[in-house]
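Biologist: I would like the reasoning behind the labels, not just the labels. Can we go through them one at a time?

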Amino acid sequence: MPAESRNVNDKSAHNAAPISAHAVEFASSPLAALREGRLTRRFVQLFLGLTLYGASMALMIRSTLGLDPWDVFHQGLMEHTPLSFGVIVIIISGVVLLAWIPLRQVPGIGTVCNAVVIGIVVDATLLVLPAPESMALRIVFMVSGIVLNAVAGGAYIGARLGPGPRDGLMTGLVRRTGRSVRLVRTVIEVTVLAIGWLLGGTVGVGTVLYAVSIGPLVHIFLPRFTVPAPVASASALDERQRAVG
């Protein structure tokens with residue numbers, strides 16, 4: 001593996017968590033990420049992915065059939081504040097990023113964009129997306145939201161410009177505790193789900209469907225969207241070896 005790259009998951013991860021369905025290497029710093037090139041494709045993919053992610057969240061909210069664990073938490077907090085759903089998402093992203101500091105996680109450009117763009121998009125989408133009245137349309141919204149969420153996740157992660165704040169929290173805890181991705185993610189998501197439900201967030205069939213389907217779906221889409229890391233040339237490797245020696 002190139003010295004400038006790091007892997008976001010361990011050997012047990014590909015069966016454990018949606019975000020770790022396929023190994024993705026992120027550059028060790030924002031500057032290193034920019035040096036890897038293909039920036040037009042990567043930034044377009046990043047922002048399209050984040051936009052679609054926010055829209056997918058809005059679809060699931062409008063379905064009223066249940067949200068993913070973090071969004072149950074966001075919605076629960078919204079019930080007790082005058083803030084919009086998107087503003088809550090942005091604030092919690094910032095709080096989670098503060099937790100990266102003791103974990104010695106380094107945010108990427110995509111991490112910061114994730115923390116802001118998704119919240120803006122979900123609020124904008126909710127403004128123009130009416131709540132469906134029929135159960136059939138609510139189911140369509142729910143299923144479409146889950147599938148679109150997987151596509152969007154594959155796109156923004158595959159751009160390799162940095163993991164999302166919540167994903168980085170998980171991988172940081174995995175690295176620091178030595179526990180499996182499966183265990184750490186389960187503990188985090190059960191905790192936020194329980195708190196969100198107690199605060200009034202929507203838990204339902206959509207929550208269950210998301211839990212059982214998002215991993216396999218991202219496993220399908222993420223490899224197709226991942227921009228390959230550059231392979232160091234033989235001369236560059238020789239030069240690096242001489243520098244180390």
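What follows is a short exchange on salt bridges, burial, a helix and a surface patch.

Modeller: One caution before we start: this is a predicted model.

Biologist: How many salt bridges does a search of the whole structure find?

Modeller: Three.

Biologist: What makes Glu36 and Arg160 a salt bridge?

Modeller: The cut-off is 4 Å from a side-chain nitrogen of Lys or Arg to a carboxyl oxygen of Asp or Glu. For Glu36 and Arg160 the N to O distance is 2.5 Å. That is within 4 Å, so the pair qualifies. Glu36 sits in the loop between α1 and α2, and Arg160 in the loop between α6 and α7, so the pair ties together parts that are 124 residues apart in sequence.

Biologist: Why is Glu36 called buried?

Modeller: Buried means under 20% relative accessible area. Glu36 has 12%, so the label holds. Arg160 has 2%, so Arg160 is buried too.

Biologist: Which residues are linked in a network of salt bridges?

Modeller: Glu36, Arg42 and Arg160. The side chains of Arg42 and Glu36 meet at 3.8 Å, N to O. Arg42 is buried as well.

Biologist: How do you know that Glu189 and Arg185 form a salt bridge?

Modeller: Their N to O distance is 3.1 Å, and the limit is 4 Å. Both lie in helix α8, four residues apart, about one turn of the helix. Arg185, at 14% relative accessible area, falls under the 20% limit and so counts as buried.

Biologist: Why is Ser56 called buried?

Modeller: Its relative accessibility is 0%, and the label needs under 20%, so Ser56 is buried. Ser56 lies in helix α2. Leaving aside neighbours within four places in sequence, Ser56 contacts Gly145, Leu148 and Asn149.

Biologist: How do you know that the span of α7 agrees with the expected one?

Modeller: Helix α7 has 13 residues, which at 1.5 Å a residue should span 18 Å. The end C-alpha atoms are 18 Å apart, so the two agree. Buried residues of α7 include Arg166, Asp167 and Met170. The buried residues of α7 pack against α3, α4, α5, α6 and α8. Gly178 follows α7, with a positive phi near 80°.

Biologist: Why is Ile139 called partly exposed?

Modeller: Its relative accessible area is 39%. Partly exposed lies between the buried limit of 20% and the exposed limit of 50%, so Ile139 fits. Ile139 belongs to helix α6. Ile139 also helps to make a nonpolar surface patch of about 550 Å². The largest share of that patch, four residues, comes from α6.

Note on methods:
Residues are numbered from 1 along each chain as its sequence is written. This is a predicted model: local features need pLDDT of at least 70, side-chain atom pairs count only at pLDDT 80 or more; totals for chains, interfaces and linings use all residues. Side-chain values use heavy atoms; hydrogens and water are left out. Patches are made of residues with over 30% relative accessible area and no salt bridge: like charges are joined within 9 Å, nonpolar side chains (Val, Leu, Ile, Met, Phe, Trp, Tyr) within 5 Å. Accessible areas come from the Shrake-Rupley method with a 1.4 Å probe; for residues, only the protein chains shown count as cover. Helices (H or I, at least four residues) and strands (E, at least two) are DSSP runs, numbered from the N terminus. Buried means under 20% relative accessible area, exposed over 50%, partly exposed in between (1.4 Å probe, protein chains only). The expected span of a helix is 1.5 Å times one less than its number of residues. Contact means heavy atoms within 4.5 Å.
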